[in-house]
Amino acid sequence: MARLKKQDRQQQLIEKLNITPFLTDEELATHFGVSVPTIRLDRLELGIPELRERIRAMATGHAQGDSPESIQHEILGELIDVIEGKQALSMLHTTSDMEDRFGFVDPQYLYAQANSLAKLVMGTTVCSTEVGNIKYKTPVSAGTNLVAKAEIVRRRGDKFFIWVIIRDKIKEVFRAKFIMESIENKV
């Protein structure tokens, strides 16, 4: 990629982060063919925060209902955003103790992150998972930050149809389609 003028690079940086906000400074530097300090200076001049702060800003801009701290214990990973009855976002930092015998993160952790986030987005205290259609797309190594997004795509009475996609930066590594039923009125 030919070197861009500073003004053009900064404009493209804004556009790139609007499309994929979870890119690191290192990935942006590689994409634009500049050094990491150059990207950091561009972000500073443009008022764009670092990755973790961008994720937190998305959460505070959308959060409703319960505070993330009060429901943090209910999900696997760190709750970033929740709009009850619509969508939720969480991040899981994988560690070496999550690895299977082949050196990859055991898929049970990805399922647990997806399932717990799907239950949370429903906004009910008691629910059951009736159907779970999952696809483990790519093995994940320890030390990876996984971002999960759960979205309610349909609701029919007490049944919720929820899609969950887990990404490693921009690459999809796991997805699930759940049909869950709220049973709090039946208990």
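**Sheet, helices and confidence in a predicted model**

User: Which strand is joined to β2 by seven bridges, and how do the two run?
Analyst: This is a predicted model, and in it seven bridges tie β2 (residues 87-93) to a strand covering residues 145-156. One of the paired positions is His93, whose bridge partner is Asn145. So the strand is the one that holds Asn145, and the pair is β2 with β4, running antiparallel.

User: Which strands stand at the edges of the open sheet?
Analyst: The six strands come in the order β1-β2-β4-β5-β6-β3, with antiparallel pairing. An edge strand has a single partner, so one of its sides is left without a neighbour in the sheet. That description fits β1 (78-83) and β3 (127-136).

User: By how many degrees are neighbouring strands of this sheet turned against each other on average?
Analyst: We're still on the open six-stranded sheet. Ignoring direction, the average turn between neighbouring strands is 15 degrees.

User: What angle does α6 make with β6?
Analyst: Helix α6 packs on the sheet and touches β1, β2, β3, β4, β5 (159-168) and β6 (171-182). Comparing the direction of α6 with that of β6 gives about 45 degrees.

User: Is Asn115 buried or exposed?
Analyst: Asn115 sits in α6, which spans residues 107-122. Leaving out residues up to four places away in sequence, Asn115 touches Thr129, Phe178 and Met180. Its relative accessibility is 9%, and the cut-off for buried is under 20%, so Asn115 counts as buried.

User: Which side chain makes a polar contact with the side chain of Asn115?
Analyst: Thr129 is among the residues that Asn115 touches. The polar contact runs from side chain to side chain at 3.3 Å, and the partner is Thr129.

User: Why do the buried residues of α2 line one face of the helix?
Analyst: In α2 (residues 25-32) the buried residues are Asp25, Leu28, Ala29 and Phe32. An α-helix has 3.6 residues a turn, so residues three or four places apart point the same way. Seen down the axis of α2, the buried residues line one face because they fall within an arc of 100 degrees.

User: What follows α2, and what is its phi?
Analyst: Helix α2 covers residues 25-32. The residue that follows α2 is Gly33, with a positive phi near 70 degrees.

User: Where is confidence lowest in the protein?
Analyst: Mean pLDDT for the protein is 83, with 85% of residues reaching 70 or more. Over residues 62-73, though, pLDDT stays under 50. Where pLDDT is low, the predicted coordinates should not be read in detail. Confidence is highest in β5, at 94, and lowest, at a mean of 42, in helix α5 (residues 68-71).

How values were computed
Residues are numbered from 1 along each chain as its sequence is written. This is a predicted model: local features need pLDDT of at least 70, side-chain atom pairs count only at pLDDT 80 or more; totals for chains, interfaces and linings use all residues. Side-chain values use heavy atoms; hydrogens and water are left out. Helices (H or I, at least four residues) and strands (E, at least two) are DSSP runs, numbered from the N terminus. Buried means under 20% relative accessible area, exposed over 50%, partly exposed in between (1.4 Å probe, protein chains only). A polar contact is a pair of N or O atoms within 3.5 Å; within protein, one must be able to donate a hydrogen and the other to accept it, and residues adjacent in sequence count only if both atoms are side-chain atoms. Contact means heavy atoms within 4.5 Å. Two strands pair if DSSP finds at least two bridges between them. Axes are lines fitted to C-alpha atoms, for helices over the stretch in contact, and angles run from 0 to 180 degrees between N-to-C directions. pLDDT is the predictor's confidence in each residue, from 0 to 100. The arc is that of the directions from the helix axis to the C-beta atoms.
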